[in-house]
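Reader: I'm new to this one and I'd like to know how its labels are earned. Can you walk me through a few?

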Amino acid sequence: MSNATLDRVVKEITDEMMERKDRGEVATYIPELAGVDVNSFGLVVVDSNGHVAAGGDADTTFSIQSISKVFTLTLALGMIGDKLWQRVGREPSGSPFNSIVQLERERGIPRNPFINAGAIAVTDAILSGHQPKETLGEILRFMQFLSGDSSITIDEAVAASEQRTGFRNIALANYMKSFRVVENAAELTLGVYFHQCAIAMSCRQLALAGRFLAHSGRNPSTGFLVVPPERALRINAVMLTCGHYDGSGEFAYRVGLPGKSGVGGGILAIAPGKASIAVWSPGLDSNGNSRLGRDALENLSKRMGWSIFGA
């Protein structure tokens, strides 16, 4: 694959998506996200040689929301290893991302680390033995390190908006606390969780941060091993099966790549051995996933032959 081919494909997909009218609806349950321009669209692909193909609003920052869960999962596995799986499962939920019903049936153990309850449990594991500010600083530095960009920050207005309106997440954390799945004070764990979801990044920064997952745990430009190869494989597996809530099966069917969405409209997708991809379009479908983001990734995967299910 030549750089020119990738550049052309990214430009053509971006041009097509910019013309689309059926963009979905922006998230409104977090008030700060309700004002985001639904017409925004960005796409960045970073290939194994470090070539960056960018289109549209590639350098506009947005709230990464649940995409942060990929990186907190990576940190938690690095800290406590497979013991984490005693507190959170690895199965698709089949329920909305903020459902409390499943928790009740399964004695406080969240189905996977990418629904809200599971991500709160993962954040709690990272927090143990630390102060919330230290933990949040560690998460932020990890994002800065992976992307090679120290300018990445937390959008405090979004974090405050989430804390004011996050009643369902507060309920989830306290319910898990009753089963000792959450070990720290629920309000401390939630404070870190709300702030990690409010990290603001551009498609370019996000695609660069995800490169280690596309290359067996290693940043191919620096050679630095972020995680062992098997752990990168496992994280990708959970992204494929659980990364899009109730739309995970549809995403696997259409796109055929591990991916993680966020209600800010972003999606991080991984083409193993080939590329790290970030797309942003804030209009969401009924499952809370970027409508045009998925369509753009489906188009990209088909045109580049990147589906993991291909011959």
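Reader: What makes the side chain of serine 276 and the backbone oxygen of alanine 207 a polar contact?
Author: They come to 2.6 Å. A polar contact is a pair of N or O atoms within 3.5 Å, one able to donate a hydrogen and the other to accept it, and residues adjacent in sequence count only if both atoms are side-chain atoms. So 2.6 Å fits the limit. By the way, this is a predicted model: local features need pLDDT of at least 70, side-chain atom pairs count only at pLDDT 80 or more, and totals for chains, interfaces and linings use all residues. Residues are numbered from 1 along each chain as its sequence is written, and side-chain values use heavy atoms, with hydrogens and water left out.

Reader: Why is serine 276 called buried?
Author: Its relative accessible area is 1%, and buried means under 20% (exposed is over 50%, partly exposed in between; 1.4 Å probe, protein chains only). So serine 276 counts as buried.

Reader: What does serine 276 touch?
Author: Not counting residues up to four places away in sequence, its contacts (heavy atoms within 4.5 Å) include Val44, Leu206, Ala207 and Ile270.

Reader: How do you know that the buried residues of helix 7 share a side?
Author: In helix 7 (residues 156-165; helices are DSSP runs of H or I, at least four residues, and strands of E, at least two, numbered from the N terminus), the buried ones are Val158, Ala159, Ser161 and Glu162. They cover an arc of only 160° around the axis, taken from the directions to the C-beta atoms, which puts them on the same side. Exposed Glu156 and Arg164 sit on the face turned away.
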